[in-house]
Amino acid sequence: SEETKAVVQRMIDEVFNAGRLEVIDELYWSESAESAKRWVEPFRLAFPDFEMQTLELVAEGDRVVGRFRCSGTHLGPWHESQPTGRRMHDIDEVYFFTVRDGRIADTWGIEDTAKRIRQLGL
């Protein structure tokens, strides 16, 4: 359980918070890596100062569930919206990760997108 949580925490710290997209290839199975890049890269471009705070990680078997709180400034295009320069903060997110043999095989999550949109004035 601690090993699977460490993989997820490394993804949060190095990929989301530090913007090191090259680490995705180390952390994800090849079948999932390209999908993860298509998910993370545009978000990091839209919110270059993005920060994801881990509030809780729970692991059982190959599953890790994480509760996160996110913040960032909208400085690039996001979902067909031009940058607003506004800051989103305290956005709640919950993600489920499947970790097999030390790599992320699948990710599914929910985010408080309505709160994010309100804060950004979109």
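Two residues count as being in contact here when they have heavy atoms within 4.5 Å of each other. Keep that in mind as you click around, and remember that this is a predicted model.

**Stop 1: S81**

Start by selecting S81, which sits in the loop between β2 (63-73) and β3. Is S81 buried or exposed? Its relative accessible area is 18%, and since buried means under 20%, S81 counts as buried. Now show what surrounds S81: leaving aside neighbours within four places in sequence, its contacts are H74, G76 and L122.

**Stop 2: helix α4**

Next, select residues 113-120, which make up helix α4. Colour R116, Q119 and L120, the buried residues of this helix. Then turn the view until you look down the axis of α4: the buried residues fall within an arc of 95°, so they line one face of the helix. What covers them? Bring up α3 (30-46), β3 (87-100) and β4 (103-111), which are among the elements over those buried residues. Before you leave, step just past the end of α4 to G121, where the backbone takes a positive phi of about 70°.

**Stop 3: the aromatic rings**

Time to switch on the aromatic side chains. How many aromatic pairs are there? The count comes to nine. Pick F16 and W39 from among the rings: their centres are 5.3 Å apart and their planes meet at 80°, so this pair is edge-to-face. The two partners come from distant parts of the chain, with F16 in helix α1 (residues 2-17) and W39 in helix α3, 23 residues apart. F16 is buried, at a relative accessible area of 4%, whereas W39 is partly exposed, at 29%.

Move on to F96 and W108. Here the ring centres are 5.7 Å apart with the planes at 55°, so the pair is tilted. This one also links distant parts of the chain: F96 belongs to strand β3 and W108 to strand β4, 12 residues apart. F96 is partly exposed, with 29% relative accessibility.

Now go back to F16 and widen the selection. F16, W39, F43, F47, F50, W78, Y95 and F97 form one aromatic cluster, so select these residues together and rotate them.

**Stop 4: R44**

Stay with F16 for a moment and add R44, a residue of helix α3. The backbone oxygen of F16 is 2.8 Å from a polar atom in the R44 side chain. R44 is buried but has no salt bridge. Where is the nearest side chain of opposite charge? That is D49, 7.0 Å away, and a salt bridge would need the charged atoms to be within 4 Å. Show the contacts of R44, again without neighbours within four places in sequence, and you get V15, F16, N17, A18, G19 and F50.

**Stop 5: R10**

For the last stop, select R10 in helix α1. R10 is partly exposed, with a relative accessible area of 30%. Which side chain does R10 join through a polar contact of 2.7 Å? Select E26 and you have the partner. With neighbours within four places in sequence left aside, R10 is in contact with V15, V23, E26 and L27. To finish, draw a distance line from R10 to R38: these residues are 28 apart along the chain, and their C-alpha atoms are separated by 19 Å.

Notes: Residues are numbered from 1 along each chain as its sequence is written. Side-chain values use heavy atoms; hydrogens and water are left out. Buried means under 20% relative accessible area, exposed over 50%, partly exposed in between (1.4 Å probe, protein chains only). Helices (H or I, at least four residues) and strands (E, at least two) are DSSP runs, numbered from the N terminus. The arc is that of the directions from the helix axis to the C-beta atoms. Rings of Phe, Tyr and Trp (its six-membered ring) pair if their centres lie within 6.5 Å; planes under 30 degrees apart count as stacked, over 60 as edge-to-face and the rest as tilted. Lys and Arg count as positive and Asp and Glu as negative; His and the chain ends are not counted. A polar contact is a pair of N or O atoms within 3.5 Å; within protein, one must be able to donate a hydrogen and the other to accept it, and residues adjacent in sequence count only if both atoms are side-chain atoms.
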